[in-house]
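User: Hi! I am new to reading protein structures and would like to learn how to look at single residues, charged pairs and a ligand site. Could you walk me through this one?

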Amino acid sequence: MLNPAVPGFYPDPSICRAGRTYYLACSSFEYFPGVPLFSSTDAEHWTPIGHVATRPGQLALEDVPATGGVWAPSIRFHDDHFWLVVADAFGRGPLLFTADRAEGPWSDGIELHGVEGIDHDIAWDADGTCYITFSGLVLDGEQSGTHHGIQQVRMDTTTGHALEQPRSLWSGTGLKFPEAPHLYDIDGTWYLLIAEGGTERGHSISIARADHPEGPFHGCPANPIYSHRSTDHPVQNTGHADLVRTDDGWRVVFLGTRPTGLTQAFAVMGRESFQSTLHWVDGWPVIDPITLNPNLPGTKVHTDFDEPLGVEWVSVRDAERGWASLDARPGWMVLQGSTPNTPGPAMDDSHPHFLGRRQQHVRSRYAALIDAADGIGGLSIRYDELHHYDIEIQPDHDTGDYLVRARVRLAQVEQTWERRVPAGPTVLWITTTPVPANGFDPHALSCDTVGFGYGQGPDTTEIADMDGRYLTADTAAAFTGRVAGIYAATGTVAFDWFTYEGEHR
Ligand code: 6LW
């Protein structure tokens, strides 16, 4: 099977089938639009089809902390409708969305009450009783951080109110953070699939079965049934799975990371989605081991801002994007600065005027032609507002030339590099280059190098490069991954084009 199924930070995959088409939904955290969706006719090759949350009000991302927001959707096709439950963590809380077509439009989302926690699953028994099964992690209040294990309620999906107090179900083998439950009726036996061990290196998939959706559940003797913990497999952190039946068998999707580096290793793209087949032995699923496809083709995507932005473009906590215009200067993306009175690190802002796309390849290059005659703006590669590397340009009205500034922001630490360049529209670029695996060469301890520069062709000039390990899931400790794109800090900044190039090696 093709792996990764979906490269770049698209974690917590959930899969369903409607007729001959399969659908995949993933987490998107503080980024808008929310809940990315993919479709496939073979449950292997996935095409982005849009998002569940495309309008203001469906989510409340405005004030969520970094890595809050959209956590772990479950997508199902039931009664001729698509159903999607998801936690808008630190925002609207647990939500239920519905749609006639996965491509949308999706409903405004109703809030689910009595299911405090994360990783909500939705399932129905043959009588139509709806079950919400979830991970009882308390996110706020005095009990914040308390974990009640895997819980379940019967739910009234018209009112969004639970019909009972949460009941404990089955919480795995005792590893930490039992979560990501999915409940299935498979030929009359109920299976409860969960993740445990935490979403880092210990991440694992476990399963139990019962005669009834409310249990009692009995764990599989082979639990955890899948984990890459303590192995040297290039895909690590495997867990958080979902199953679907195909015409010729079964598919499973799960999250994983691709850390590189000599000892600890660092995953530049955060948690991605992987897939495999599975078979059954004695009534228990056995997930077939995955391999990474070594020779996947690379990509080059050129955006010339003549048309509306593609589905890959995201903003941070902002569904309105009143500061971005394709009309103000036809053929250009014009961004208004976010900090008009205080020139400074715009990407430190929790609401940067930033439009970006996920890094999906280990080797990547971002470039844009930028007219900064009336402001300060540039390119940024970001994990969150505390971890980002930027390159920006501004006119120097005293000297008549321009200043290019690269900046690295890592928590409380900041470093900048500056160069003078001739006035006028300028190409800025950022590259990510994997570190060659060279035994105990100290550089091989890291994952990649992030370079910053300006100019094109023979005139291209690198002004700084930076160890990439600080901009990874493992260091930034975020649930997300790298997102790179354009931003404006002050004034008005115009972008004629933006190019993303990526190679898987
Ligand atoms: C997700 C949960 C998790 O809801 O991370 O660590 C959360 N585990 O399963 C966000 O992806």
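User: Which side chain makes a polar contact of 2.7 Å with the side chain of Thr-432?

Analyst: That partner is Ser-364. Bear in mind that we are looking at a predicted model. A polar contact is a pair of N or O atoms within 3.5 Å, and Thr-432 has another one, at 3.3 Å, with the side chain of Gln-359.

User: Where is Thr-432 found, and is Thr-432 buried or exposed?

Analyst: Look for strand β33, which covers residues 426-434. A residue is called buried when its relative accessible area is under 20%. Thr-432 has 0% relative accessibility, so it counts as buried. Leaving aside residues up to four places away in sequence, the residues that Thr-432 touches include Tyr-366, Ile-381, Val-450 and Arg-482.

User: How would I read His-212, and where is it found?

Analyst: Start with its place in the chain: His-212 is in the loop between β17 (204-210) and β18 (218-219). Its relative accessibility is 36%, and therefore His-212 counts as partly exposed. Its side chain reaches the backbone nitrogen of Glu-214 at 3.0 Å. If you skip residues up to four places away in sequence, His-212 touches Tyr-131, Trp-190 and Phe-217. You can also compare sequence with space: His-212 and Thr-189 are 23 residues apart in sequence, with their C-alpha atoms 7.3 Å apart.

User: Now to charged pairs. How many salt bridges does a search of the whole structure find?

Analyst: The general idea is that side chains of opposite charge can pair when their charged atoms come close. Here the search finds 31 salt bridges. One of them joins Arg-76 and Asp-121, with the closest N and O atoms 3.4 Å apart. Arg-76 sits in strand β6 and Asp-121 in strand β10, so this pair ties together parts that are 45 residues apart in sequence. Both Arg-76 and Asp-121 are buried.

User: Which residues are joined into one network by salt bridges that share partners?

Analyst: Begin with the pair Arg-407 and Asp-390, whose side chains meet at 3.2 Å, N to O. Arg-407 belongs to strand β31 (residues 402-410) and Asp-390 to strand β30 (residues 387-395), 17 residues apart. Both are buried. Through shared partners, the network takes in Asp-348, Asp-390, Glu-392, Arg-405, Arg-407, Arg-409, Glu-414 and Glu-418.

User: Which residue forms a salt bridge with Asp-12?

Analyst: Arg-271 does, with 3.9 Å between the closest N and O atoms. Asp-12 lies in the segment before β1 (14-18), while Arg-271 lies in the loop between β21 (249-257) and β22 (272-281), 259 residues away along the chain. Asp-12 and Arg-271 are both buried.

User: And the ligand: which residues surround it?

Analyst: Asp-12 and Arg-271 appear again here, among other residues including Phe-29, Trp-71, Glu-179 and Phe-479. By kind, the shell divides into five nonpolar, two polar and four charged residues. Now check the distances to oxygen atoms of the ligand. An N or O atom in the side chain of Asp-12 is 2.5 Å from one, a polar side-chain atom of Arg-271 is 2.6 Å from one, and for the side chain of His-240 the distance is 3.1 Å.

User: How much of the ligand does the protein bury?

Analyst: Taken alone, the ligand exposes 300 Å², and the protein buries 97% of that. The elements giving two or more residues to the shell are β6 (69-78) and β10 (118-124).

Definitions and conventions
Residues numbered from 1 in each chain as written. Predicted model: local features only at pLDDT ≥ 70, side-chain atom pairs only at ≥ 80, totals over all residues. Heavy atoms only, no water. Near = heavy atom within 4 Å. Polar contact = N/O pair within 3.5 Å; in protein donor to acceptor, adjacent residues only side chain to side chain. Areas by Shrake-Rupley, 256 points an atom, 1.4 Å probe, with all protein chains shown as cover. Helix = DSSP H or I, 4+ residues; strand = E, 2+ residues; numbered from the N terminus. Nonpolar A, V, L, I, M, F, W, Y, C, P; charged D, E, K, R; others polar. Salt bridge = Lys/Arg side-chain N within 4 Å of Asp/Glu carboxyl O. Buried < 20%, exposed > 50% of the residue type's maximum accessible area, 1.4 Å probe, protein only. Contact = heavy atoms within 4.5 Å.
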